[in-house]
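Visitor: Please show me the structure, and then I will ask about its parts one by one.

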Amino acid sequence: MNIEKIANLVSENNADAVLLFDESNMHYACGFSPSEGVVLITADAVGYHIVDSRYTQTAKEHAASTGMNVIEITSSFSSSVKEIVKDNNIKKILFENESISLKNYRTYTSQLEDVEFAELKNQLMTLRNVKEPYEINLIKDANNIAEKSFLELLPEVKAGRTEKELAALFDYIMAKNGSDGVSFDTILLAGEHTSMPHGVPSDRVIENGDFVLFDFGATCCGYHSDMTRTVAVGYATDEMKEAYNLVLSAQKAGIKALNDGVPCADVYKAAYDVLQQKDMAKYFRHSLGHGVGLDIHEGYNASPKSKDIFEVGNVTSIEPGIYLPGKFGIRIEDLLYISPHGRENLSKITKELIVL
């Protein structure tokens with residue numbers, strides 16, 4: 001099915017084929033993520049997955065469902081592509097101008113000197129942004145693993161444990177529960193460290209009265225989940241509770257604004273305005289959300305400068321936060337799917353403040 005979608009994209013650009021090197025784009029076509037290889041798909045929906053011997057068996061197993069033709073290289077990837085181009089009389093190729101390495105660009109344009117190279121731009125990403133039901137199910141599976149693991153971790157979160165210790169334990173629990181790997185390096189921060197939106201776990205020891213921020217995700221068959229929760233250990237002061245409830249109100253406003261046909265910037269503004277009412281928007285230092293799928297950040301983002309518009313099939317995070325240097329930070333993140341029947345929140349864990 002994805003090969004046909006990509007082939008239609010080739011035809012719409014009056015090209016003969018598209019050449020893919022990006023790991024996630026290759027996954028979209030061949031069903032798994034090889035660390036190296038090339039995918040070529042023609043306008044006639046014939047797909048070629050060029051691999052070395054490390055991936056031949058895996059590629060053939062996935063080809064049974066994708067319909068790809070698997071070719072194991074005998075000398076180099078570029079020489080195999082050159083043969084396919086010659087056999088199929090390919091004269092114009094779309095290439096990933098936004099992500100191709102200079103080395104690959106020089107190699108393939110010199111090897112295929114009689115072929116016209118046209119920029120793919122973000123067209124394939126736009127295609128990937130609209131998820132099929134099977135993709136949604138894989139994202140849900142990844143999310144379920146992550147949520148189950150988070151609930152298992154919570155009893156271990158207590159004064160005296162370190163950020164690094166708990167982050168490592170979290171990753172282990174997700175693997176034990178079936179995750180193919182973490183969506184990204186797990187963020188687990190305590191106390192004043194929570195004011196760093198993407199801080200790195202350290203040897204900092206958790207103390208009573210700390211916020212602990214968890215930003216985490218699991219993967220399933222290449223698809224990612226993403227969630228953030230902020231909890232308090234021992235107790236929460238009135239200031240902490242007030243700030244937490246403000247962020248939660250902002251998140252709810254952003255979720256309420258999210259719908260098919262709504263500009264991403266408008267969804268951002270809905271959450272921003274709630275924070276601004278309490279003069280806290282100045283501590284909100286990132287976009288409200290981003291596309292999630294084969295990449296943890298893909299396609300579009302809900303930022304004030306975004307020109308994107310949400311549509312049916314999109315999966316996006318909604319994650320407002322405020323970060324007060326030297327004090328604490330709070331972020332609450334859910335994963336939302338814009339289905340044909342309306343907005344669906346894939347994140348099920350409570351967002352009310354948990355005090356451990």
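The questions below go through helices, a pocket, the nonpolar cores and single residues.

Visitor: What kind of model is this, and how are residues numbered?
Guide: This is a predicted model, in which local features need pLDDT of at least 70, side-chain atom pairs count only at pLDDT 80 or more, and totals for chains, interfaces and linings use all residues. Side-chain values use heavy atoms, with hydrogens and water left out, and residues are numbered from 1 along each chain as its sequence is written.

Visitor: How far does helix α9 reach from its first C-alpha to its last?
Guide: Helices (H or I, at least four residues) and strands (E, at least two) are DSSP runs, numbered from the N terminus. Helix α9 covers residues 238-257, which is 20 residues. The expected span is 1.5 Å times one less than the number of residues. For α9 that gives 28 Å, and the model is close to it, at 29 Å.

Visitor: Which residues of α7 are buried?
Guide: α7 has 21 residues and reaches 30 Å, close to the 30 Å expected. Buried means under 20% relative accessible area, exposed over 50%, and partly exposed in between (1.4 Å probe, protein chains only). By that rule the buried residues of α7 are Glu-135, Ile-136, Leu-138, Ile-139, Ala-142, Asn-143, Ile-145, Ala-146, Glu-147, Ser-149, Phe-150 and Leu-153.

Visitor: Why is Asn-137 classed as buried, partly exposed or exposed?
Guide: Asn-137 is found in helix α7. Its class follows from its relative accessible area of 43%, so Asn-137 is partly exposed.

Visitor: Which helix gives the largest share of the lining of the largest pocket?
Guide: A pocket is found on a 1 Å grid over the protein atoms alone, as an open set of points where a 1.4 Å probe fits, with protein on both sides within 12 Å along at least five of seven lines; lining residues have an atom within 4 Å of a point. The largest pocket is lined by 15 residues, with Asn-2, Tyr-28, Gly-31, Thr-66 and Tyr-134 nearest its centre. At least two lining residues each come from α1 (2-12), α2 (23-30), α3 (56-66) and α7 (133-153). The largest share, four residues, comes from α2.

Visitor: Which two residues touch the most other members of the largest nonpolar core?
Guide: A nonpolar core is a set of buried Ala, Val, Leu, Ile, Met, Phe, Trp, Tyr and Cys residues joined through side-chain atoms within 4.5 Å. The largest one has 38 residues, and those touching the most other members are Val-18 and Ile-41.

Visitor: Which element gives the most to this core?
Guide: Two or more residues come from each of α1, β1 (17-20), α2, β2 (38-42), α3, α7 and β17 (334-339). With five residues, the element that gives the most is α1.

Visitor: Which residues does Ile-100 touch, not counting residues up to four places away in sequence?
Guide: Ile-100 sits in the loop between β5 (92-95) and α5 (102-111). Contact means heavy atoms within 4.5 Å. Under that rule Ile-100 touches Phe-21, Phe-95 and Tyr-105.

Visitor: How far apart are His-198 and Leu-188 in space, C-alpha to C-alpha?
Guide: His-198 lies in the loop between β7 (187-190) and β8 (211-216), and its relative accessible area of 55% makes it exposed. Leaving aside neighbours within four places in sequence, His-198 is in contact with Ile-187, Asp-215 and Arg-331. His-198 and Leu-188 are 10 residues apart in sequence, and in space their separation is 9.3 Å.
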